[in-house]
Amino acid sequence: MSPRWDDVNARARGLATHLVDRARLAQLASAPDLPALAARLRDIGLTLAETADPTGAELELAVRRRAAGALATLGRWTGRRPELVALLFAEEDRRSVRALVRGAAERAPAAQRVAGLVPTPILPERALDELARAPTPAAVAALLVAWRHPFGPPLAARAHSPQPDLYTLELALDRAAAAWLTQVARRVGGLLAAFIRETIDVENALGAMALAGVPTEVSPRDAFLAGGRALSLELFERAVATRDPADAADRVARAFGSRALAAALRQRRDDARAVEDAVLRARIAELEQLARLDPLSPAPLLAFALALRAQTVDLHRVIWGVALGAPPALVARELVTAA
């Protein structure tokens with residue numbers, strides 16, 4: 001008998017009704033200043049202290065807490081399904097630890113290191129704040145080891161030198177996340193396993209494009225993440241060997257056939273962030289379509305999880321766009337959330 005997803009899908013659909021559409025995000029971006037933006041954010045349900053002069057960091061923290069609350073709600077409903085817990089939180093934790101390691105290596109201010117990071121039950125807000133105060137990547141790794149986080153040991157093994165190579169650390173983190181999710185994929189099968197394999201394929205596609213654009217002594221074989229299905233090691237190596245991000249994008253996109261993901265990888269190939277945004281948008285659209293075709297599958301849950309990530313990114317950009325006086329049209333044009 002196949003697993004039932006009715007309860008968690010119902011919760012995900014309920015949470016999805018509180019997501020903000022693109023038109024409302026654009027309206028938020030047109031706020032003349034942060035106090036006006038704070039008022040508009042309260043109107044859409046964010047919890048913000050009443051203050052005459054809110055800071056961008058305070059607004060951004062409210063966004064992070066809202067996203068964390070949604071994930072925590074889903075976590076309570078998936079507590080007896082560890083495969084879902086891994087899917088919901090492993091990717092957010094990977095993004096958080098990656099940013100914190102980079103921030104420590106660059107000696108960035110603690111507030112800057114946590115900007116845009118979403119707390120999870122595994123790495124809650126207090127843990128992220130403590131990691132953000134760690135003086136070195138080795139200190140970040142040591143805390144994770146002490147907390148028995150699975151990303152700790154692989155980072156600690158490579159972060160012990162006074163000036164560890166940042167790319168090597170990030171690659172170790174990516175491998176740890178891929179290994180964690182691959183173990184889950186072997187247990188669950190079905191759409192969840194396909195989603196995990198696609199996530200690893202996407203990381204390899206983006207990685208090949210990045211490696212093709214910079215001179216490096218890293219072997220493509222060493223940079224390839226095991227666990228995907230569509231993008232082979234051979235194709236990955238050929239893409240990197242082009243030494244041109246646009247050519248590499250064309251090569252890795254072929255692995256995804258005629259899917260929207262292929263078009264997303266080829267979109268604005270000179271802008272890594274724009275490609276990542278397009279890929280996220282394409283994955284959300286495909287999952288939403290699948291949720292309509294097979295509403296009893298875990299597609300509604302996965303679609304919501306990615307849509308929540310997109311909204312968090314968008315609200316982060318809106319807040320700092322208003323704080324820095326960026327043209328609203330420019331901020332609106334960079335939104336990930338689809339119309």
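**Notebook: helix packing, a pocket and two cavities**

I started with helix H16 (residues 272-293) and H17, whose axes come within 8 Å and cross at roughly 145°. This is a predicted model, so I keep in mind that everything below is computed from it. I checked the hand next, and the crossing of H16 and H17 is left-handed.

Then I listed who touches whom. On the H16 side I noted Arg273, Asp277, Leu280, Arg283, Ile284, Leu287, Glu288, Leu290 and Ala291. They meet Ala299, Pro300, Leu302, Ala303, Leu306, Ala307, Arg309, Ala310 and Arg317 in H17. Sorted by class, the residues of this contact come out as twelve nonpolar, no polar and six charged.

**Second largest pocket**

I looked up the volume of the second largest pocket and got about 520 Å³. It has 23 lining residues, and the closest to its centre are Ala16, Leu19, Ile284, Glu288 and Ala307. Ile284, Glu288 and Ala307 were already in my list for the contact between H16 and H17. Which elements give two or more residues to this lining? I found helix H1 (6-16), H16 and H17. The class split for the pocket lining is 15 nonpolar, two polar and six charged residues.

**Largest cavity**

Next I went after enclosed space, and the structure holds two cavities of 30 Å³ or more. The largest cavity has about 70 Å³ of space in it. I wrote down its lining as Glu91, Arg94, Asp174, Ala177, Ala178, Leu181, Thr199, Ile200, Glu203 and Leu225. Helix H5 (82-105), helix H10 (166-188) and helix H11 (190-212) are the elements that give two or more residues to that lining. Which helix gives the most here? My note says H10, with four residues. By class I have five nonpolar, one polar and four charged residues around the largest cavity.

**Second largest cavity**

For the second largest cavity I noted a volume of about 40 Å³. Val63, Arg66, Ala67, Leu308, Gln311, Thr312 and Leu315 line it. The elements with two or more residues in this lining are helix H4 (56-77) and helix H17 (299-323). H17 gives the most, with four residues. I sorted the lining into four nonpolar, two polar and one charged.

**Where H17 turned up**

Looking back, I met H17 in the crossing with H16, in the lining of the second largest pocket and in the lining of the second largest cavity.

How values were computed: Residues are numbered from 1 along each chain as its sequence is written. This is a predicted model: local features need pLDDT of at least 70, side-chain atom pairs count only at pLDDT 80 or more; totals for chains, interfaces and linings use all residues. Side-chain values use heavy atoms; hydrogens and water are left out. On a 1 Å grid over the protein atoms alone, a cavity is a set of points where a 1.4 Å probe fits but cannot get out, and a pocket is an open set with protein on both sides within 12 Å along at least five of seven lines; lining residues have an atom within 4 Å of a point. Grid points are joined across faces, edges and corners, and a volume is the space filled by probe spheres set on the points. Ala, Val, Leu, Ile, Met, Phe, Trp, Tyr, Cys and Pro count as nonpolar, Asp, Glu, Lys and Arg as charged, and the others, Gly among them, as polar. Axes are lines fitted to C-alpha atoms, for helices over the stretch in contact, and angles run from 0 to 180 degrees between N-to-C directions. A crossing is left-handed if the near helix is turned anticlockwise from the far one by less than a right angle, and right-handed if clockwise. Contact means heavy atoms within 4.5 Å.
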